[in-house]
Amino acid sequence: MSDDMDDGAKIDQRVREVLQGLGLPYEVVPIDPAYADTAQFCERYGFPMEQSANTIIVGSKKEPRQYAACVVKATMRLDVNHAVRKVMGVSRLSFATAEETMALTGMMIGGVTIFALPEGLPIYVDDSLMSCPYVILGGGSRSSKIKIAPEAFARLPGARIIVALAVGP
């Protein structure tokens, strides 16, 4: 990647490279950034919440901080205190702030995608997503979403499918 690219262009390029490397059809859905948050996106663009997923960055509370990206259905709640804590092997966890998320990923809340995360960041995917006909994920910025088969999670290097990572609805 060229050094004269801004961070947004670098993320867009990384997303395209990762998606093309997965060998699955996908669709980039351009959106109004004002509707990037999942509920507003689904209502505005007519996608079901049950097939939309949120990528949530969590971090351990103790130093040195460990971070992970967790992907869950928009209709479910990430089980931070039990499932995530267990899979990460830490005693206490919290959701990363918007500032921490931006510093770690270069992406804003509402646009965080698993397709442009820093190398080595663990990715945990709730198993309930695997039964969806397709999944809508952040596109790397607040101006796009990615529509792709859930098989992408199994093909993505470093991603692990975790049973009951989320609870609900």
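How far apart should the ends of the 16 residues of α1 be at 1.5 Å a residue, and how far apart are its end C-alpha atoms? The expected span is 22 Å and the end C-alpha atoms are 23 Å apart, so the two agree. Keep in mind as you look around that this is a predicted model. Helix α1 (residues 7–22) is a handy place to start, since α1 gives the most to the largest nonpolar core and also supplies the largest share of the lining of the second largest pocket.

**Helix α1**

- The buried residues of α1 are I11, Q13, V15, V18, L19 and L22.
- Among the elements that cover these buried residues are β1 (26–30), α4 (98–105), β8 and α5.

**The nonpolar cores**

- In soluble globular proteins, nonpolar side chains tend to be buried together.
- The largest nonpolar core here has 30 residues, and those that touch the most other members are V71, I114, F115, L117, I123, L137 and I148.
- Two or more residues of this core come from each of α1, β2, β3 (67–73), β6 (123–126), β7, β8 (144–148) and α5 (151–155).
- Helix α1 is the top contributor to this core, with 5 residues.
- There is also a second, separate core of 17 residues, and V58, A68, M76 and M88 are included in it.
- V71 is worth a click in your viewer: leaving aside residues up to four places away in sequence, V71 touches A53, N54, T55, I114, I123, Y124, V125, D126, L129, L137, F153 and L165.

**The largest pocket**

- The volume of the largest pocket is about 320 Å³.
- Its lining is made of 21 residues, with N54, T55, I56, I109 and G110 the closest to the centre.
- At least two lining residues come from each of α2 (38–45), β2 (53–60) and β7 (135–138).
- Strand β2 gives the most to this lining, with 5 residues.
- By character, the lining of the largest pocket splits into 11 nonpolar, 8 polar and 2 charged residues.

**The second largest pocket**

- This pocket has a volume of about 240 Å³.
- Of the 16 residues that line the second largest pocket, R14, L117, I123, L156 and P157 lie nearest its centre.
- Helix α1 supplies 3 residues, the largest share of this lining.
- The lining of the second largest pocket divides into 12 nonpolar, 2 polar and 2 charged residues.
- Two names recur here: L117 and I123 lie nearest the centre of this pocket, and both are listed among the residues of the largest nonpolar core that touch the most other members.

**The loop between β2 and β3**

- E63 and P64 are joined by a cis peptide bond, with omega about -10°.
- P64 sits in the loop between β2 and β3, and R65 lies in that loop too.
- R65 has a relative accessible area of 26%, which means that R65 is partly exposed, between the cut-offs of 20% and 50%.
- Beyond residues up to four places away in sequence, R65 touches G59, S60, S94 and E100.
- R65 and A96 are 31 residues apart in sequence, and their C-alpha atoms are 11 Å apart in space.

**The loop between β9 and β10**

- A164 is not a glycine, although it has a positive phi of about 60°.
- You will find A164 in the loop between β9 (159–162) and β10 (166–167).
- With a relative accessible area of 42%, A164 is partly exposed.

Key:
Residues numbered from 1 in each chain as written. Predicted model: local features only at pLDDT ≥ 70, side-chain atom pairs only at ≥ 80, totals over all residues. Heavy atoms only, no water. 1 Å grid on protein atoms, 1.4 Å probe; cavity = no way out; pocket = protein on both sides within 12 Å on 5 of 7 lines; lining within 4 Å. Points joined across faces, edges and corners; volume = space filled by probe spheres on them. Helix = DSSP H or I, 4+ residues; strand = E, 2+ residues; numbered from the N terminus. Nonpolar A, V, L, I, M, F, W, Y, C, P; charged D, E, K, R; others polar. Core = buried A, V, L, I, M, F, W, Y, C linked by side-chain atoms within 4.5 Å. Buried < 20%, exposed > 50% of the residue type's maximum accessible area, 1.4 Å probe, protein only. Contact = heavy atoms within 4.5 Å. Expected span 1.5 Å × (residues − 1).
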